[in-house]
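Q: Please take a close look at one part of this structure, the metal site and its surroundings. A connected account with explicit cut-offs would be appreciated.

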Amino acid sequence: MKLRYFSHSSFQITTDAGQIILIDPFLDDNPTSPVSSADVSADFIILTHAHGDHVGDAFKIAARTDPLFICVNELANYCAHKGFRAHNMHIGGGHDFPFGRVKFTIAHHGSMTPDNTYGGEPAGVVLTIDGKSLYHTGDTGLFYDMKLIGEMTPLDYMLLPIGDNFTMGIRDAVKAVELAAPGLAIPIHYNTFPVIRADPEEFKRQVEAIGKKAVVMGYGEERAL
Ligand code: NI
Ligand code: MN
C-alpha cells in the first residue's frame, strides 16, 4: 500500500488493489494542506472522531465520490443521516472490509460535531492492509493501554499526535512509541495552528534516543509501506 500525508491528521491510503481510503480528510480549511477537497476521491472514509479538524471535508468529498464511511456507531449514524453510506463499528471491535481489517481503539479526547451533535466516543484505528499494520491514534492523550494495542496487533506503523494542548505533546508521544513499539513512528497533528506548534525533528531525535525509528513526512508526501 501507499500512504500519503496531507498534514494535520489527514492521510490517503492507496491499497495494492487500488482502493482509496481517506482518514480524517481536513483539507480546505487546513492552512497546511497542499491539496483541496476537489483534488481527492475516496472509496472509504475513516473518521477517528467528530471534531471539525477531522470530519473536515469528508461530506464534500463523499457527495462527489460516494465512499463508505467507517466510524464508531454514533458518528456513523450522523453520516447516514446526512445521506451517506456508513458502516457502524465501535471501540474494541474489528471488521474485515474488501481492503483489509479495521479495528477501533480507545482515545482520550472529545467528539462533538461542529453543529453540536454528540459524535460518540473518540477513537483511534488499527488498520491491517496488504500485510502491514498501521495504528492511527486519532486525537488522544497518552494512555498505558497503547502497550496492549501493540501487543494484540504488532505494529509496523504508528501515526500519532505531537502538537500538545489538545493531544499528546512530544514527551508523551515518545512514551507512546515506547509502549506501542511500532516499527516506524510518524508524527501528526502539529504546526497546523499556532497553539499546536511543535518540532517534528525533535520528536524524531527523542524517538531515536530510545532506540526506535521515526520519520517526518512532508505535506503531500507519499510513501510506499
Ligand atoms: Ni479533536
Ligand atoms: Mn484534532
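A: A suitable point of entry is Pro122, which touches Thr48, His49, Ile91, Thr105, Ala107, His109, Gly110 and Ser111, residues up to four places away in sequence being left out; contact here means heavy atoms within 4.5 Å. The model is predicted, so local features need pLDDT of at least 70 and side-chain atom pairs count only at pLDDT 80 or more, while totals for chains, interfaces and linings use all residues. Residues are numbered from 1 along each chain as its sequence is written, chains are lettered from A and ligands numbered from 1 in the order in which they are written, and side-chain values use heavy atoms, with hydrogens and water left out.

Pro122 is located in the loop between E8 and E9; strands (E, at least two residues) and helices (H or I, at least four) are DSSP runs, numbered from the N terminus. With a relative accessible area of 5%, Pro122 is buried; buried means under 20%, exposed over 50% and partly exposed in between, for a 1.4 Å probe and protein chains only. Gly110, one of the residues that Pro122 touches, is twelve residues from Pro122 in sequence, yet the two C-alpha atoms are 5.8 Å apart in space.

Two further contacts of Pro122, His49 and His109, lead to the metal site. The nickel ion (ligand 1) is coordinated by His49 (NE2), His51 (ND1), His109 (NE2) and Asp139 (OD), at 2.2 to 2.3 Å. Donors are N, O and S atoms within 2.8 Å of the metal (3.2 Å for Na, K and Ca), and because water is not among the atoms, sites may look incomplete. Along the chain, the donor residues of the nickel ion follow the spacing H-x1-H-x57-H-x29-D. Distant parts of the chain are thereby linked: His49 lies in the loop between strand E4 (44-46) and helix H1 (52-55), and His109 in the loop between strand E8 (100-106) and strand E9 (123-129), 60 residues apart. His49 is buried, at 1% relative accessible area, whereas His109 is partly exposed, at 26%.

The arrangement around the nickel ion is irregular because its four donor atoms subtend angles of 87 to 173°. Four donors count as tetrahedral if all angles lie between 85 and 135 degrees; four count as square planar and six as octahedral if opposite donors are over 155 degrees apart and all others between 65 and 115; anything else is irregular. Finally, the manganese ion (ligand 2) is 3.2 Å from the nickel ion (ligand 1), and Asp139 coordinates both.
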